[in-house]
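Colleague: I should like to go through this model with you, beginning with its pockets and then turning to individual residues.

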Amino acid sequence: MQTLDEEGWEHTGDIGVRLPGNGALKLIDRRKNIFKLAQGEYVAVEQVEAALAESLFSSQVFIYGDSMQSCLVGVIVPD
């Protein structure tokens, strides 16, 4: 699946803002919070992230899903 548009922007489904000063991109939200996995299962990512974020051992949680794959990938920053 091609996600680059004619101007070279990649469309990931995330919402970001440019930070003043250095112009870095900060991801702040998602446009679509439900993933449909390859086997047809729908996953509400915010619920998975919220459950994992409740742990005393994590400071940040990120979940990635791809409709061509059968599982999610989680990135957890330990606290």
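**Pockets, surface and selected residues**

Modeller: In this predicted model, strand S1 gives the most to the lining of the second largest pocket, with 3 residues.

Colleague: Which strands each supply at least two residues of the lining of the second largest pocket?

Modeller: The lining of this pocket includes Asp-14, Gly-16 and Arg-18, and also Leu-25 and Leu-27. Two strands each supply at least two residues of the lining, namely S1 (14-18) and S2 (25-30).

Colleague: How do the residues of that lining divide into nonpolar, polar and charged?

Modeller: Trp-9, Glu-10, His-11 and Arg-31 are among the residues that line the second largest pocket. Glycine is counted as polar in this classification. The lining divides into 3 nonpolar, 4 polar and 4 charged residues.

Colleague: What volume does the largest pocket have?

Modeller: The second largest pocket has a volume of about 210 Å³. For the largest pocket, the volume is about 630 Å³.

Colleague: Which residues lie nearest the centre of the largest pocket?

Modeller: This pocket is lined by 20 residues, which by class are 7 nonpolar, 6 polar and 7 charged. Strand S3 (34-36) and strand S5 (58-64) each supply at least two residues of the lining. Nearest the centre lie Thr-12, Gly-13, Phe-35, Gly-65 and Asp-66.

Colleague: Is Thr-12 buried or exposed?

Modeller: Thr-12 lies in the segment before S1, and this residue is found in the lining of the second largest pocket. The cut-off for exposed is over 50% relative accessible area. Because Thr-12 has 52% relative accessibility, this residue counts as exposed.

Colleague: How far apart in space are Thr-12 and Arg-31, C-alpha to C-alpha?

Modeller: Both residues belong to the lining of the second largest pocket. In sequence Thr-12 and Arg-31 are 19 residues apart, and in space their C-alpha atoms are separated by 9.2 Å.

Colleague: What accessible area do the residues of the nonpolar patch on the surface have together?

Modeller: One of the patch residues, Val-17, is found in strand S1, and at 34% relative accessibility Val-17 counts as partly exposed. The nonpolar patch is formed by Ile-15, Val-17, Leu-19 and Ile-28, and their accessible area together is about 290 Å².

Colleague: Is Val-45 buried or exposed?

Modeller: Val-45 lies in helix H1. The C-alpha atoms of Val-45 and Asn-33 are 5.8 Å apart, with these positions 12 residues apart in sequence numbering. The cut-off for buried is under 20% relative accessible area. With a relative accessible area of 0%, Val-45 is therefore buried.

Colleague: What separates the C-alpha atoms of Val-73 and Asn-33 in space?

Modeller: Val-73 has its place in strand S6 (residues 73-78), and this residue is partly exposed, with a relative accessible area of 45%. Val-73 and Asn-33 are 40 residues apart along the chain, and the separation of their C-alpha atoms is 15 Å.

Colleague: What relative accessibility does Leu-56 have?

Modeller: Leu-56 is placed in the loop between helix H1 (45-53) and S5. The C-alpha atoms of Leu-56 and Asp-79 are separated by 7.5 Å, although these residues are 23 residues apart along the chain. Leu-56 counts as exposed because its relative accessibility is 73%.

Methods: Residues numbered from 1 in each chain as written. Predicted model: local features only at pLDDT ≥ 70, side-chain atom pairs only at ≥ 80, totals over all residues. Heavy atoms only, no water. 1 Å grid on protein atoms, 1.4 Å probe; cavity = no way out; pocket = protein on both sides within 12 Å on 5 of 7 lines; lining within 4 Å. Points joined across faces, edges and corners; volume = space filled by probe spheres on them. Helix = DSSP H or I, 4+ residues; strand = E, 2+ residues; numbered from the N terminus. Patch = residues over 30% accessible without salt bridge, like charges linked within 9 Å, V, L, I, M, F, W, Y side chains within 5 Å. Areas by Shrake-Rupley, 256 points an atom, 1.4 Å probe, with all protein chains shown as cover. Salt bridge = Lys/Arg side-chain N within 4 Å of Asp/Glu carboxyl O. Buried < 20%, exposed > 50% of the residue type's maximum accessible area, 1.4 Å probe, protein only.
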